[in-house]
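User: Hey, got a minute to walk me through this one? I'd like to hear about helices, pockets and cysteines.

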Amino acid sequence: MRNRIMILCTFCAIAIFSSAQGKFSIKGNAGEKWNNQLLYLCLMDDGEKAKEVVLDSAKVKKGKFSFSGVRQTPNIALIKDRDGETYPLILEKGKIVINLTTRTVGGTPLNDTLDVAWKGMQSVINNNKQIVKSNISLVMSQKSGGSFREALKRDTTFAAIWRRNVEIDLAQRDSIRAFVEEHQNSLVGVFLLSLEEVSMYYSLLEDMMSEASPVFSQHVLVKDKLEKMRQMARRFEAEREKKMTPEEREEQKKRQAMDAKIKIGERFPNAKVKDNAGEIKQLSDYVGKGKYVLIDFWASWCGPCRNEMPNVKAAYEKYASKGFEVISISIDKKQKPWRTAIEELGMNWTQVLNVDAADIYGIYAIPKTFLVDPEGIVVAKDLRSKKLEKTLLKLLE
């Protein structure tokens with residue numbers, strides 16, 4: 001019994017030490033315009049709720065200010081001025097330096113990382129705002145009368161600009177998600193995800209939560225964001241259901257039935273494709289031959305497909321020698337743009353054209369991927385971005 005108590009005490013001591021209080025200091029430069037103003041040091045959460053908590057205040061003198069203290073660190077914090085403008089930092093042990101004028105922070109490991117990630121994220125967010133404004137202006141410029149869908153059909157210039165903007169918007173959203181994923185094991189990722197401008201599909205955020213460290217996945221700000229995304233997804237689905245026409249409801253049922261055609265854990269369905277020489281081949285000529293194979297449906301005109309291709313290329317080049325293959329099935333109708341895109345994107349793996357594969361696999365939107373194991377069993381769907389590499393890492397490393 002005594003030994004058990006000693007062991008328990010040892011573990012408690014380790015736990016206390018790992019979350020021990022650390023001394024921090026913040027040296028700030030605010031510029032002369034802030035002289036005699038109060039600045040506030042705030043935590044972004046109170047430990048249990050996603051709620052701001054004021055820790056301390058300091059007056060700016062000769063353009064300078066400072067904070068110091070001892071507390072359990074690290075924490076995500078803000079310096080806030082009287083107008084409500086905020087400047088993020090990670091409250092951690094050490095000497096932190098921050099400049100409110102240039103919006104830079106550093107001096108400690110997490111703050112150095114935050115500074116780089118925050119600037120990169122802000123650049124993408126600002127660019128994305130411009131694209132959204134462009135799309136709003138584009139829609140407003142349309143003459144009254146007729147639906148948006150009709151405008152896309154009748155006005156080729158409008159349709160081209162709209163699709164280009166949508167492609168850019170999707171690419172930038174992928175970039176924003178990539179910033180968060182890159183830091184999903186630290187408080188830097190927690191802060192990036194907590195930003196109002198950061199939005200992603202609820203399912204993608206759930207996937208991220210399952211793969212991230214507890215520092216990220218168990219943080220109150222992340223859980224709060226997950227709940228907001230869950231509620232937003234429910235509201236969106238409810239609104240979409242209300243506005244659906246009978247024809248759209250029927251289309252939805254067809255899509256759900258198509259999506260259910262390919263089941264994880266079952267053998268891949270065979271299908272016809274056409275190779276570079278124009279010969280009809282069977283999908284079974286490439287799949288179920290002792291290697292993991294990514295079946296990738298795409299098209300040369302599909303912006304999200306092209307944006308995703310560098311990830312597929314990186315995965316192929318990294319794992320091809322370890323038993324991984326890719327077969328890209330294009331739904332292009334014309335061969336010239338198909339061949340041009342293959343060359344432009346450096347797609348140096350098996351390339352074929354769709355014959356009946358898209359119908360058999362229930363493809364109604366691209367990109368769409370299926371990962372098949374060496375025996376021909378479907379083991380995953382819709383592997384994109386880092387999710388593809390992480391899956392291959394588990395299977396092939």
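Analyst: Sure, one term up front: buried means under 20% relative accessible area, exposed over 50%, and partly exposed in between, with a 1.4 Å probe and protein chains only. Also, this is a predicted model, where local features need pLDDT of at least 70, side-chain atom pairs count only at pLDDT 80 or more, and totals for chains, interfaces and linings use all residues. Residues are numbered from 1 along each chain as its sequence is written, and side-chain values use heavy atoms, leaving out hydrogens and water.

User: OK, which residues of α8 are buried?

Analyst: Val220, Leu221, Val222, Lys225, Leu226 and Met229. Helices (H or I, at least four residues) and strands (E, at least two) are DSSP runs numbered from the N terminus.

User: And what covers the buried residues of α8?

Analyst: The cover includes strand β5 (75–80) plus helices α5 (187–194), α6 (202–211) and α7 (214–217). Contact here means heavy atoms within 4.5 Å.

User: How far does α8 reach from its first C-alpha to its last?

Analyst: It reaches 35 Å over 24 residues (220–243), close to the 34 Å expected. That expected span is 1.5 Å times one less than the number of residues.

User: Switching to pockets: how much space lies in the second largest pocket?

Analyst: About 700 Å³. Its lining has 28 residues, and Met44, Ser194, Leu195, Glu196 and Glu197 are the closest to its centre. On a 1 Å grid over the protein atoms alone, a pocket is an open set with protein on both sides within 12 Å along at least five of seven lines, a cavity is a set of points where a 1.4 Å probe fits but cannot get out, and lining residues have an atom within 4 Å of a point. Points are joined across faces, edges and corners, and a volume is the space filled by probe spheres set on them.

User: Which element gives the most to that lining?

Analyst: α8 again, with six residues.

User: Any cavities? How many of 30 Å³ or more turn up?

Analyst: One, in a search of the whole structure. The largest cavity holds about 50 Å³, and among its lining residues are Tyr87, Arg103, Asp115 and Trp118.

User: Last topic: which cysteines form a disulfide?

Analyst: Cys302 and Cys305, with sulfur atoms 2.4 Å apart; the cut-off for a disulfide is a pair of cysteine sulfur atoms within 2.5 Å. Both cysteines, Cys302 and Cys305, are buried.

User: Why is the disulfide right-handed?

Analyst: Because the torsion about the S-S bond of Cys302 and Cys305 is about 75 degrees.
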